[in-house]
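Visitor: I'm new to this one and would like a relaxed tour. Could you show me the picture and then take my questions?

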Amino acid sequence: MSKQINVALIGNPNTGKTSVFNALTGLNQKVGNYPGITVEKKQGICKLPRGVKAHIIDLPGTYSLNASSLDENVVIELLLNKNDKDFPDIAVVVTDVENLKRNLLLFTQIKDLEIPTLLVINMADRMRYKGISLDINYLEDKLNTKIALISTRKNEGIDKLKQLISNYKEVSVAPCINTTQIDSVYFGNLKKAFPNQLLYKLWLVITQDVNFGKTDRNKIDPVANFKTKSKGDLKRLQQKETIKRYQFINNALDKGQTIDLSQAKDLRIKLDRVLTHKVWGYVIFAVILLTIFQAIYDWSSVPMDFIDSAFASLSEWTKNQLPNGAFTSLLAEGIIPGLGGIVIFIPQIAFLFLFIAILEESGYMSRVVFLMDRIMRRFGLSGKSVVPLISGTACAIPAIMATRNIESWKERLITILVTPFTTCAARLPVYLIIIALVIPEGRILGLSYQALTLMLLYLIGFGTAIVSAYILNKILKIKSKTFFVIEMPNYKLPLFKNVAITVIEKTKSFVFGAGKIILAISIILWFLASYGPGKQFNDAENIIKTEFASKNLSSENLQQKIASHKLEHSFIGIAGHAIEPTIRPLGYDWKIGIAIVSSFAAREVFVGTLATIYSVGSDQEETIKNRMAGEVNPILGGPLFTFASGISLLLFYAFAMQCMSTLAIVKRETNSWKWPILQLVIMTAFAYIVALIAFQVLK
Amino acid sequence: MNTVLQNILAFTTLALALAFIVRKFIWKPKKKSTKACGSGDGCGCH
């Protein structure tokens, strides 16, 4: 049996840690959460020389082992807990060759925990442009470790890194600095009180409480002859520790690293001057957004049409090939149309994440955050609120979790409350199908009306979030202070592998996360639409035949009348008619009402629900879009999906809180039902009023 | 495939779908919490 070792990948943010993880594991990785908390946990398997397998954990980026957020706390808790099943046999600290000095602080801290620690110096391909040269042998000697100089971009040095990891037993565990040097009296007493414990580990346990308030120091305090210092004194000792570490690092880099500034070619300053300019910065950002939405429409139309007709044909084929009966009907009218309703949006969602991944990978996203901070400040939000608002375009749930690094409770609460207004990926299927139905296909200045409408909806979502934040900032009486610090990474050409992995992972989680719910709901809806109580449903055939006996209808027409009658008197029809009076003023019929109610589980269920409802009883091979386009308004006649009802529906989905999972996460993050209930009531009422006004004005 | 078998398959699928939705949104089984550093239970951190 081959041996497996635990490898922890640790590093500052923006050092290319995830690129190293991808280079080592390829697609052999999985993403989950740390137990009990919602910090992302990425792990994968890497085959090493001599048949050794490495279980690699990509830990959240951290600047030091002095945790100040939940993400950073994950790193320190793993490194302090030898009983953890993931406790590393070797720690691999990833650094960026351009920020080596700052990155080495974390390296020295981990090394002092006496864990075998390898140093990876990444982005070696940039050394030439920056005039940097390194004496690796000298640095290995001074830092008492093995060093892998790599470039994930050029795929250089990865084999050497694997080799070094497999020889983990040969890596020195000697510490970088002597902890007692920080304060001989204090650490002397600590050593006397806990003679069998590693001094630096004890120090981290004590100071973690100071920084984060998570670790319980009560176990240390009562020990005889030892008393921890006040918080202020401990902070001063931490500062002393940091100075000692930088002295050590400077000593190593003095001869180990030379930087010839005359050789450095820096495009970054010139680019930053334009991309973060107070006018051009916003213009460029707007142009990039327009290009993205245009591309989402233009590039994905072909695969979407193909998927749509493929599912329609599959449904028809199933109906023709299998014997008649309940299960065949469930497959052809419930499961296949329901699945089609999610699969059809894979191309657009993949393109959206492709662009987001490229913007993040290139380093441009940090400039957007910086740029938007100027605006956010005026609305009482932190610059850090931009990250949840931007990541909310994928999903509100991780976005709300991302508010955890906002120190001020008031700003964090406001960000949590307004983030669900941001257009998430789940709204995309609803928007796309309605836009395709009610917005004409023409173009203006080369941009399609449909793409412009989609972009407008994104801007409406973002704008509503900002305005709501402004109002909440005025209403909520909570006093707090905050600051905004963001690291601007260097500009890089996005790595194909990283972008591809992000797109695959995000699309997969969308399809499988939402897909399971949609499939289950489609099955339940099929049952509710295929069965019903009473004579009207069970005797539908006789009732229709009697009613139309004199009209001499064709067999096909008669079957359609029977199917329509049955659907209207099915369980779902009865429920739909019950809620119809509430939604009729918005321009919707009972079928849309059912889709709205069922999409409370997840917004994207809307399209699948309509696809299921419209296909039950229908014999024709039709695409979802054509079925929706063919629906007739039962009261006014004419198409059900008109410009007025379509815009009303788009606005309803832009503002309504149609996501149970988001409400659950808001409850967890605010530790109260008050906020999610307020969010649900206010957002839904607002959505209803706006949709009502839109329909009544436009009809 | 006779009618009885078709009904059995359809209603079993329906029961599974209902069970999934109930587990997902109404009744979630509680996960066992893992012992973390600082919980004072001999986790090995001090």
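Visitor: Which residue in strand 5 of chain A is the bridge partner of A:Gly11?

Guide: Keep in mind that this is a predicted model. Strand 1 of chain A and strand 5 of chain A pair in the parallel sense, with five bridges between them. Look along strand 5 for the residue that partners A:Gly11, and you land on A:Val94.

Visitor: And which residue in strand 6 of chain A stands opposite A:Val93?

Guide: Strand 5 of chain A also runs parallel to strand 6 of chain A, and six bridges join the two. In that pairing, the residue of strand 6 facing A:Val93 is A:Leu119.

Visitor: How many of the residues of strand 5 of chain A are buried?

Guide: Take the strand, residues 90-96, one side at a time. One side has A:Ile90, A:Val92, A:Val94 and A:Asp96, the other has A:Ala91, A:Val93 and A:Thr95, and every one of them is buried. Both faces are covered, and the count of buried residues is seven of seven.

Visitor: Is A:Met123 buried or exposed?

Guide: A:Met123 sits in the loop between strand 6 (117-122) and helix 4 (127-130) of chain A. Its phi is positive, about 65 degrees, although A:Met123 is not a glycine. Most residues other than glycine have a negative phi. As for its surroundings, 25 other C-beta atoms lie within 10 Å, and the cut-off is 20 or more, so A:Met123 is buried.

Visitor: What is the phi of A:Asn14, and where does that residue sit?

Guide: A:Asn14 is found in the loop between strand 1 (4-11) and helix 1 (17-25) of chain A. With 17 other C-beta atoms within 10 Å, A:Asn14 is partly exposed. A:Asn14 is a residue other than glycine with a positive phi, near 65 degrees.

Visitor: How far apart in space are A:Asp272 and A:Arg367?

Guide: A:Asp272 belongs to helix 10 (residues 268-275) of chain A, and it is partly exposed, with 17 other C-beta atoms within 10 Å. Along the sequence, A:Asp272 and A:Arg367 are 95 residues apart. In space, C-alpha to C-alpha, the separation is 7.8 Å.

Visitor: What percentage of the residues of chain B count as buried?

Guide: Chain B has one helix and zero strands. Of its 46 residues, the share that counts as buried is 17%.

Visitor: Are helix 12 of chain A and helix 1 of chain B parallel or oblique to each other?

Guide: The axes of helix 12 (residues 326-343) of chain A and helix 1 (residues 3-26) of chain B come within 6 Å and cross at roughly 45 degrees. Residues A:Ala326, A:Phe327, A:Thr328 and A:Leu330 meet B:Gln6, B:Asn7, B:Leu9, B:Ala10 and B:Thr13. By class, that contact has five nonpolar, four polar and no charged residues. Angles under 35 degrees count as roughly parallel and 65 to 115 as roughly perpendicular, so at roughly 45 degrees these two helices are oblique.

Visitor: How many charged residues are in the contact of helix 29 of chain A with helix 30 of chain A?

Guide: Helix 29 (residues 660-670) and helix 30 (residues 674-698) of chain A have axes that come within 7 Å and cross at roughly 145 degrees. The contact is made by A:Leu663, A:Val666, A:Lys667 and A:Thr670 of helix 29 and A:Trp675, A:Pro676, A:Gln679 and A:Leu680 of helix 30. By class, five of these are nonpolar and two are polar, and the number of charged residues is one.

Definitions and conventions:
Residues are numbered from 1 along each chain as its sequence is written. Chains are lettered from A and ligands numbered from 1 in the order in which they are written. This is a predicted model: local features need pLDDT of at least 70, side-chain atom pairs count only at pLDDT 80 or more; totals for chains, interfaces and linings use all residues. Axes are lines fitted to C-alpha atoms, for helices over the stretch in contact, and angles run from 0 to 180 degrees between N-to-C directions. Helices (H or I, at least four residues) and strands (E, at least two) are DSSP runs, numbered from the N terminus. Two residues are in contact if their C-beta atoms, placed from the backbone, lie within 7 Å. Ala, Val, Leu, Ile, Met, Phe, Trp, Tyr, Cys and Pro count as nonpolar, Asp, Glu, Lys and Arg as charged, and the others, Gly among them, as polar. A residue is buried if 20 or more other C-beta atoms lie within 10 Å of its own, exposed if 12 or fewer, and partly exposed in between; C-beta atoms are placed from the backbone. Angles under 35 degrees count as roughly parallel, over 145 as roughly antiparallel, 65 to 115 as roughly perpendicular and the rest as oblique. Two strands pair if DSSP finds at least two bridges between them.
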